[in-house]
Amino acid sequence: MNTEITCFYKLLSYALHSDHSDMITQTQKEQIRQKLPDLLQLARQHNVSLFVYDALCQCDIDDPLLQETTFQREMLFECYHNYDMLFFAKKILALLEEHSVSYCLLKGVSLLANYPKPECRSASDMDILVSDPKEYTRTRDLLLSYGFCVANGMTDHHEELLYYENDKTYLLELHNKLINNSGNVRDETIKALFKQTIPVKKKLSFAALSYQCLNTEQNLLYLLLHMLQHFTSLGFGAKLLCDWTVFLEHHAHEIDFMAFQTMLEDLGLVPFCEVMTELCIRYLGLPREILEKNHCTFLAATIDPALLQRVLDDIHTAGEFGKENHTRVLIAHQNNFSSTIAQGHRQMKIYFPKLSHCFLFWPVLWSITLYRFLCNNRRLRKIDTKTILENTRQRQELFKALSLDSDAKRKEN
Amino acid sequence: MRLHTDYQLRNIGTFYFLVPLKSDHPVIDQILTLNETGAFLWNSLQKVLQKQHTVQPKKATADNAPLPDNDELMQLLCHALQAEYDVTKDEVLPDVKTFLNSLTQKGILTLKD
């Protein structure tokens, strides 16, 4: 692994632990100084700039680059943005509480309590789950009457609502279920596992923020499924690994690992969970002893180092949600022709939501979709289609190595 | 003289912020950005407040606790800065005044008329 990546995860690990058990040595500090511009760029790509910046300052790594006005402004802007999101969340959660809405706050803001400096964790939106259909309509009406407007209609599992205030726009995703239908056999199991989501009341002491969220096991599973959802599409970056690290570290003592293991096995996600956890242990300072002490079941005795490296590379080159990697255009869980066709068909439906209702148009719409795909590769992404296909093939191999293609096998069985 | 208790001093990198985190309806304009000296003065102010609680336990409450009068407060903060940074009173006085002015303008501190 190259120095830049080592330094990047070292800094993140430092930022995630208030006791700074993961010390940074003088040699590492020197390496960090040498790689500073690249590290800051990486932090931007993974949307973890404030963690990295704070760790640099706490380790007394001083550099003229950190004092530059533009950089200082960028960091200051991020700090204000994060406080702004927190205040927005506080206002909306108070509104929901006032109207006795039964909801669950998901990911982002609900994870802040696990971080030593919660305001360093950026969140671009706020996610609220209201699974009961009647309650969902009531909540939606309440938010619309409060001043929200609909940004995008209902997708498979959520609706985007926007709120404007003082020249700022805030995004709220109102979910009616946790995970979108991916069309594989896992969907039904997920549905069953989240059939009952009884909100648990929590309080974020640092901001006196009261909210309702999923219970610990469901929350842990949801974080894993959220990672999986992004991993099998365009990928995800270091921020989601940080979430996994701090959540496990703070909640290990209250997790029923045996029950969780059963869920993992039902979903065929044991290898995926083992690899992600091992990465957090090795690179983000997740203490193995805490997991062992609490009888964590997904600590693999041995994991192929080459596989770990491939997954880390996949995460590392993805940036936040795969935005940094333009070769990740095709998403295919299974390495076969039909899955690629199915994906093209799905894309056609996205491009032509109305026309696609009439199947007679499909051959023409498929052709246009293919033409647009080829043109966009050349003009916008500036990557040839061959590279994209090769990258897709490699990622499919990776999914296979993590047994994420087992849906197909299970279906056949 | 009153000190707002909704505010917390937060530190990210080289920035210090006074953030109304405990407020029920916080707004971004209420945040005050401080430098290292400002952060030191805020901590000194908190210490003065704690001392007041110890000396006058019956008079002081957690919310809106009474503070020493304006001049006394200014003196105490100047002394604290002098002791920490080895500077003269004339050098620190403008900083202390600016700090107290910023707090009063944001409504974090209410000085006696």
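Over all chains of the predicted model, the count comes to 13 salt bridges, a salt bridge being a side-chain nitrogen of Lys or Arg within 4 Å of a carboxyl oxygen of Asp or Glu. Because the model is predicted, local features need pLDDT of at least 70 and side-chain atom pairs count only at pLDDT 80 or more, whereas totals for chains, interfaces and linings use all residues. Residues are numbered from 1 along each chain as its sequence is written, chains are lettered from A and ligands numbered from 1 in the order in which they are written, and side-chain values use heavy atoms, with hydrogens and water left out.

One of these salt bridges joins E159(A) to R140(A), with the closest N and O atoms 2.8 Å apart. The pair links distant parts of the chain, since E159(A) belongs to strand β4 of chain A and R140(A) to helix α8 (residues 133–146) of chain A, 19 residues apart; helices (H or I, at least four residues) and strands (E, at least two) are DSSP runs, numbered from the N terminus.

E159(A) also takes part in the sheet of chain A, where its bridge partner in β5(A) is L174(A). This sheet is open and consists of five strands in the order β1-β2-β5-β4-β3, with mixed pairing, two strands being paired if DSSP finds at least two bridges between them. The edges are occupied by β1 (104–106) and β3 (149–152) of chain A, each of which has a single partner strand, so one side of each is left without a neighbour in the sheet. On average, and with direction ignored, neighbouring strands of the sheet are turned by 35 degrees against each other.

Within the sheet, strand β4 (residues 158–165) of chain A pairs with β5(A) in the antiparallel sense over eight bridges. The two strands form a hairpin with two residues between them, and N166(A) in the turn has a positive phi of about 50 degrees. In contrast to this antiparallel pair, strand β2 (residues 126–129) of chain A runs parallel to strand β5 (residues 168–175) of chain A, to which it is joined by four bridges. M126(A) stands opposite L172(A) in β5(A), and the bridge partner of D127(A) in β5(A) is E173(A). Helix α6(A) lies across β1, β2, β4 and β5 of chain A and runs at about 20 degrees to β2(A), where axes are lines fitted to C-alpha atoms, for helices over the stretch in contact, and angles run from 0 to 180 degrees between N-to-C directions.

Positive phi values also occur in loops of chain A. Most residues other than glycine have a negative phi. N47(A), which is not a glycine, nevertheless has a positive phi of about 55 degrees and is found in the loop between α3 (36–45) and α4 of chain A. D60(A), likewise a residue other than glycine, has a positive phi near 60 degrees and lies in the loop between α4 and α5 (64–67) of chain A.

In chain B, three strands form an open sheet in the order β2-β3-β4, with antiparallel pairing. Here β2 (8–12) and β4 (32–34) of chain B stand at the edges with a single partner strand each, so one side of each is left without a neighbour in the sheet. The twist from one strand to the next averages 30 degrees. Five bridges join β2(B) to the antiparallel strand β3 (residues 15–19) of chain B, and L9(B) has L18(B) in β3(B) as its bridge partner.

Between the two chains, 24 residues of chain A are in contact with 19 residues of chain B, contact meaning heavy atoms within 4.5 Å. The area buried between chain A and chain B is about 1,900 Å², of which carbon and sulfur atoms give 65%; buried area is the accessible area (1.4 Å probe) that two parts lose on being put together, summed over both. Y80(A), Y83(A) and F87(A) supply 33% of the area that chain A buries against chain B, more than any other three residues.

Across this interface the rule finds one salt bridge, in which the side chains of R10(B) and E119(A) meet at 2.6 Å, N to O. On the side of chain A that touches chain B, the elements giving two or more residues are α4 (49–58) and α6 (69–98) of chain A, and α6(A) gives the most, with ten residues.
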